[in-house]
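Q: I have a model open and would like to learn how to read it. Can we go through it feature by feature?

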Protein chains: 2
Amino acid sequence: MPEISFTLPRGMKDIGPQEMAKRQWVTDKILRVICRYGFQLVEPSTLEHLETLEAKSGPTIRDEIYFFKDKADRNLGLRFDLTVGMTRMVAGRSDLPEPIKLAAIAGMWRYDEPQFARYRHFYQWDLEIYGTKEPIADAEIIAASIDILEELGLREYEVLISSRQLVDGYFGAIGITDQAQREQAIRVVDKVRKTRREELVARFSEIGVKDKTLGKVLDFITLRGTPSEALARLETLCQDALFQTGLANMKKLVHALESFGKIDKCKLDMSVVRGLDYYDGIVFEAYDKGGEDIGAILGGGRYDRLGSLYGKHDLPCTGVAGGMERLFLSLERAHLIPESEAPVKIYVVAANDTVRSHVLGLVQRIREAGVPADVDLKNRSLKNQLQYADALKIPYAVILGPREVEQQLVTVRDMRTRQEQRMAQSEFRNWLARLSASNM
Amino acid sequence: MPEISFTLPRGMKDIGPQEMAKRQWVTDKILRVICRYGFQLVEPSTLEHLETLEAKSGPTIRDEIYFFKDKADRNLGLRFDLTVGMTRMVAGRSDLPEPIKLAAIAGMWRYDEPQFARYRHFYQWDLEIYGTKEPIADAEIIAASIDILEELGLREYEVLISSRQLVDGYFGAIGITDQAQREQAIRVVDKVRKTRREELVARFSEIGVKDKTLGKVLDFITLRGTPSEALARLETLCQDALFQTGLANMKKLVHALESFGKIDKCKLDMSVVRGLDYYDGIVFEAYDKGGEDIGAILGGGRYDRLGSLYGKHDLPCTGVAGGMERLFLSLERAHLIPESEAPVKIYVVAANDTVRSHVLGLVQRIREAGVPADVDLKNRSLKNQLQYADALKIPYAVILGPREVEQQLVTVRDMRTRQEQRMAQSEFRNWLARLSASNM
């Protein structure tokens with residue numbers, strides 16, 4: 001027998017019962033918002049052809065993902081987000097009335113260096129709207145994102161909004177016209193929150209952004225304020241055509257967010273650019289105040305060109321995704337996830353071996369009444385059965401002995417107060433119905 | 001730009017909105033049973049060290065799974081079931097009061113040849129009880145399995161039960177004493193349902209089981225009947241010690257199933273052996289009558305030795321798993337999954353462009369009332385908005401025009417009957433509350 005490693009691969013983890021109960025609580029709330037907004041849940045394939053994954057970002061994506069050859073020598077990769085798969089799914093269909101509103105909550109894999117609250121397999125929730133260029137769709141994505149945070153109980157967060165049209169237009173207007181240089185600049189901006197000013201200056205210099213241009217870039221990316229303040233400043237900034245298109249779209253977005261009643265949580269902030277290559281319109285991120293070390297708890301934007309990579313021209317898209325693990329951190333810090341209760345409400349106890357079969361019948365009747373119930377599976381003594389119920393923090397024991405069986409009674413024991421009460425069958429049924437209604 | 005393949009790798013599939021709605025319906029019912037029985041939901045890691053996966057079945061498992069080297073040259077594999085990971089999880093803990101009842105509903109990967117209703121990534125539900133050798137635990141696993149099928153509305157199924165102790169004991173007693181030969185024989189028996197008699201005889205001959213021994217094997221594996229009939233026949237069959245242990249356990253199991261009220265759905269059937277190497281006690285499978293081509297819709301058994309492979313001696317386990325995809329087939333044939341309704345109940349329509357912002361406010365109020373609602377995201381005409389609502393089979397449109405806004409009214413249109421009704425705000429709120437209560 002070879003020596004067996006029963007540790008997990010680096011960056012992997014199991015989800016235990018307590019964490020899973022929390023995940024279910026969070027997922028349930030996200031699903032409610034998804035449902036209210038009319039998004040339909042899907043799940044794209046876990047494995048893709050490597051080319052499909054590379055389409056978005058080129059072969060450099062290989063540095064960040066799990067990929068391998070299968071036994072038929074195909075290059076496959078594990079999905080690294082949900083957007084690629086969902087976009088490929090929609091691009092392959094021509095029969096769906098647009099707009100198409102899809103959602104997914106599922107796991108993905110990235111071969112990142114594991115760090116605080118980051119694993120190599122993790123979950124995201126994701127909302128996407130396909131088939132409309134209107135900024136109202138971006139507004140709806142932001143409104144749904146805000147409602148997800150609100151539904152979870154978060155209040156101290158802000159949504160920072162920008163536009164790649166504004167940023168690209170402005171950068172072009174001040175002389176950063178080379179596409180490669182602009183992309184490098186975007187990547188530097190994307191890290192601005194984690195970079196000290198001197199380092200920022202150095203990194204811009206490296207890519208040839210310096211002197212007056214650098215001053216303008218730094219002024220621009222620190223432009224931040226309420227939507228009305230920021231729009232007033234943007235208004236006078238630049239006459240570039242792309243910038244003006246971005247400005248018109250941003251005004252429409254702000255107007256729609258006002259109509260949705262969501263503007264109070266939003267700021268415009270030109271330092272938000274999103275690292276990924278495929279964004280080309282409105283972009284946004286939400287941060288939990290006081291949890292900035294966690295990073296953005298959600299982020300998204302418009303990516304009208306991605307659909308054409310998967311064979312469907314004219315498939316404008318806008319969407320949002322949030323990491324479940326980071327969200328848990330925010331929620332736990334704010335004590336918003338309720339402590340998970342004991343999954344079992346009633347433990348049915350056999351006072352001695354003669355009543356074991358009656359106990360099995362009784363536990364089934366309790367379960368049929370919809371109350372989670374359990375029973376001794378180890379032939380233990382009365383005392384040990386009660387100890388197990390105590391260890392599992394089960395609130396009630398229902399004890400059956402020969403006398404109870406003979407007289408068709410049960411003894412209900414409150415495990416916290418240790419008070420016991422004998423009940424006839426009909427009384428017990430009523431008690432169960434009350435428990436079922438109150439507890440679950 | 002390279003030519004991009006936007007097909008999926010062989011054996012992979014996306015889960016679209018209709019299928020996902022069905023999955024949610026099924027998953028919700030399974031979760032209810034899981035909860036009533038006091039199982040706690042977990043999810044083991046998706047990726048494991050290859051050695052962890054090989055521990056159960058040896059290196060031959062490589063033929064059936066996805067495995068690869070990661071960038072740090074580690075041998076990793078995608079999980080091929082949930083039992084291995086759950087057992088590794090539990091074996092790594094010594095702080096949990098036993099028995100430990102865990103459940104999982106999650107995806108896994110196998111590099112099988114794709115065939116009817118079988119993909120290379122698929123989902124299973126899985127229940128496991130760790131820490132008790134008592135047949136009552138096997139009975140509870142079978143009872144929960146039956147309740148899952150019942151909760152889903154299935155009635156025409158049967159649970160076939162056997163025991164590896166009975167099979168191994170009997171095979172030993174009739175002279176199949178060589179361990180390798182016995183394992184080969186088990187593998188032949190496991191395929192008996194798919195094998196014609198002549199072929200069966202040929203395959204047994206190949207492994208040296210012939211003449212009188214073969215006759216006894218064929219008699220034994222066709223032993224099948226109600227638990228009382230079958231127990232009576234087994235009683236007289238064989239004095240082998242392992243067989244007698246198996247018989248005593250089987251009697252306890254049958255007795256517990258009677259007490260749980262589940263015996264009517266069960267038969268004993270000695271041809272059930274389960275292919276996997278790790279079973280060593282009671283084994284069972286359920287078949288949907290009339291759906292035998294689908295194969296077993298669930299199966300499981302006892303595997304007391306697996307825990308020790310992952311470092312925990314004396315960790316008896318018993319469990320069950322069922323494939324979600326096969327279950328869907330059975331449920332769809334029996335028309336048990338309700339047709340999915342339109343996810344959106346109300347489409348809020350702008351009669352013209354002047355009221356667009358009012359429409360956004362209204363759709364939010366409807367959503368806040370808990371009713372799934374949607375709104376035009378493409379700036380379409382009244383007519384095109386109503387056509388979209390029709391295409392999506394949304395039951396109601398709420399139409400807002402300048403007059404409605406001025407008089408604080410809304411027009412509610414039943415999209416099926418095309419009848420319209422004008423309502424004041426308070427009346428509309430009551431109508432919404434009724435819709436919310438009736439529909440969802």
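A: Start with the naming of elements: helices (H or I, at least four residues) and strands (E, at least two) are DSSP runs, numbered from the N terminus. With that, Pro99(A) can be placed in the loop between α3 (83-91) and β5 (100-109) of chain A.

Q: What kind of peptide bond joins Glu98(A) and Pro99(A)?
A: Most residues other than glycine have a negative phi, and most peptide bonds are trans. The bond between Glu98(A) and Pro99(A) is cis, with omega about 0 degrees. In chain B, the bond from Glu98(B) to Pro99(B) is also cis, and omega is near -5 degrees. Pro99(B) sits in the loop between α3 (83-91) and β5 (100-109) of chain B.

Q: What is phi of His335(A)?
A: Phi is near 50 degrees there, a positive value in a residue other than glycine. His335(A) belongs to the loop between α12 (324-333) and β13 (346-350) of chain A.

Q: How should I read the confidence values?
A: This is a predicted model. Where pLDDT is low, the predicted coordinates should not be read in detail. Chain A has an average pLDDT of 93, and 98% of its residues score at least 70. For the complex, the predictor gives an ipTM of 0.93 and a pTM of 0.94.

Q: How is chain B placed relative to chain A?
A: Two copies of a chain are related by a rotation about an axis and a shift along it. Here a turn of 180 degrees and a shift of 0.0 Å along the axis lay chain B on chain A with an RMSD of 0.1 Å. The two copies are therefore related as by a two-fold rotation axis. Within chain B, Phe68(B) has the C-alpha nearest the axis, 3.2 Å from it. Both copies use the same surface, since 100% of the contact residues of chain B recur in chain A.

Q: How many residues does the contact take from each chain?
A: It takes 78 residues from chain B and 78 residues from chain A. On the side of chain B that touches chain A, 40 are nonpolar, 23 polar and 15 charged.

Q: How do α1 and α4 of chain B cross?
A: The axes of helix α1 (residues 17-36) and helix α4 (residues 135-151) of chain B come within 9 Å and cross at roughly 145 degrees. The crossing of α1(B) past α4(B) is right-handed. Among the residues making this contact are Ile30(B) and Val33(B) of α1(B), and Ala144(B) and Ile148(B) of α4(B). The contact residues comprise four nonpolar, no polar and four charged.

Definitions and conventions
Residues are numbered from 1 along each chain as its sequence is written. Chains are lettered from A and ligands numbered from 1 in the order in which they are written. This is a predicted model: local features need pLDDT of at least 70, side-chain atom pairs count only at pLDDT 80 or more; totals for chains, interfaces and linings use all residues. Two residues are in contact if their C-beta atoms, placed from the backbone, lie within 7 Å. Ala, Val, Leu, Ile, Met, Phe, Trp, Tyr, Cys and Pro count as nonpolar, Asp, Glu, Lys and Arg as charged, and the others, Gly among them, as polar. pLDDT is the predictor's confidence in each residue, from 0 to 100. Axes are lines fitted to C-alpha atoms, for helices over the stretch in contact, and angles run from 0 to 180 degrees between N-to-C directions. A crossing is left-handed if the near helix is turned anticlockwise from the far one by less than a right angle, and right-handed if clockwise. Copies are superposed by least squares on the C-alpha atoms of residues with pLDDT of at least 70 in both.
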